[in-house]
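Work through the following exercises with the sequence and the coordinates side by side. Try each task before reading its solution.

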Amino acid sequence: MSETPEFSPTDWVRDQTRQILDAGTTDVVQLGQSKVVLFTTTGAKSGIKRYVPLMRVEEDGKYAMVASKGGAPQHPSWYFNVKAHPEVQVLDGDVWTTMTARELPEGDEREHWWTLAVAAFPPYADYQRKTERTIPIFLLEPR
């Protein structure tokens with residue numbers, strides 16, 4: 001099995017990831033005023049590494065991964081990967097960091113990070129209104 005992560009089968013996600021990797025920095029991709037961070041996860045069943053670009057939600061060296069899938073009724077596939085393998089590589093700017101993820105349960109900590117997420121990328125609020133599921137948030141902390 002290759003240690004080189006796989007690209008998303010979704011065209012725009014794959015293109016965004018290639019832009020980041022070719023430039024060596026996440027600074028080349030933004031959606032409006034919102035910045036992007038590139039995560040590398042490990043497949044829950046396959047063990048294959050996969051790139052996942054998501055909106056940058058950061059505070060004090062910690063990051064949130066918001067499993068919104070645009071408000072779809074089901075979680076994104078990477079959600080299950082992070083649940084199974086919580087060690088995640090994070091590229092922010094041109095710096096790679098290995099972090100450990102944990103899903104935030106309902107409560108004050110989750111509400112804090114949800115507020116940060118919506119501030120970083122306002123469409124998250126619309127995505128939550130579109131779906132009956134509570135959009136999961138993983139908090140990533142340095143190992």
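The exercises below concern a predicted model, and each is followed by a worked solution.

**Exercise 1.** Determine where Arg 133 is placed and whether it is buried or exposed, and describe its surroundings.

*Solution.* Begin with the secondary structure: Arg 133 sits in the loop that runs between helix H4 (123-130) and strand E8 (137-142). Next, consider burial and charge together, since Arg 133 is buried yet has no salt bridge. The nearest side chain of opposite charge belongs to Glu 103, and it is 8.3 Å away; a salt bridge would require the charged atoms to lie within 4 Å. Then look for a polar partner, which is found in His 75, whose side chain forms a polar contact of 2.9 Å with that of Arg 133. Finally, list the wider contacts: setting aside residues up to four places away in sequence, Arg 133 touches Ala 67, Ser 68, Lys 69, Ala 72, Pro 73, Gln 74, His 75, Pro 76 and Gln 128.

**Exercise 2.** Establish why Val 13 counts as buried, and find its contacts beyond its sequence neighbours.

*Solution.* Val 13 belongs to helix H1 (residues 11-23). Its relative accessible area is 14%, and because the limit for burial is under 20%, Val 13 is classed as buried. Beyond the neighbours within four places in sequence, Val 13 is in contact with Ser 8 and Pro 53. As for Pro 73, the C-alpha atoms of Val 13 and Pro 73 are 20 Å apart, with a separation of 60 residues in sequence.

**Exercise 3.** Describe the largest nonpolar core and state which elements give two or more residues to it.

*Solution.* The largest nonpolar core has 19 residues, and those with the most contacts inside it are Ile 20, Val 57, Val 66, Trp 113, Trp 114, Tyr 124 and Ile 137. Two or more residues each come from strand E2 (34-42), strand E3 (49-55), strand E5 (62-66), helix H3 (108-120) and E8. Of these, H3 supplies the largest share, three residues. To examine one member in detail, take Trp 114, which, with residues up to four places away left out, touches Val 66, Tyr 124, Ala 125, Gln 128, Ile 135 and Ile 137. There is also a second, separate core of 16 residues, including Phe 39, Val 52, Tyr 63 and Leu 140.

**Exercise 4.** Identify the buried residues of helix H2 and work out on which side they lie.

*Solution.* In H2 (residues 77-84), the buried residues are Trp 78, Tyr 79, Asn 81 and Val 82. Because they cover an arc of only 165 degrees around the axis, they are on the same side of H2. These buried residues pack against E2, E3, E5, strand E6 (87-92), strand E7 (95-103) and E8.

Definitions and conventions: Residues are numbered from 1 along each chain as its sequence is written. This is a predicted model: local features need pLDDT of at least 70, side-chain atom pairs count only at pLDDT 80 or more; totals for chains, interfaces and linings use all residues. Side-chain values use heavy atoms; hydrogens and water are left out. Helices (H or I, at least four residues) and strands (E, at least two) are DSSP runs, numbered from the N terminus. Buried means under 20% relative accessible area, exposed over 50%, partly exposed in between (1.4 Å probe, protein chains only). Lys and Arg count as positive and Asp and Glu as negative; His and the chain ends are not counted. A polar contact is a pair of N or O atoms within 3.5 Å; within protein, one must be able to donate a hydrogen and the other to accept it, and residues adjacent in sequence count only if both atoms are side-chain atoms. Contact means heavy atoms within 4.5 Å. A nonpolar core is a set of buried Ala, Val, Leu, Ile, Met, Phe, Trp, Tyr and Cys residues joined through side-chain atoms within 4.5 Å. The arc is that of the directions from the helix axis to the C-beta atoms.
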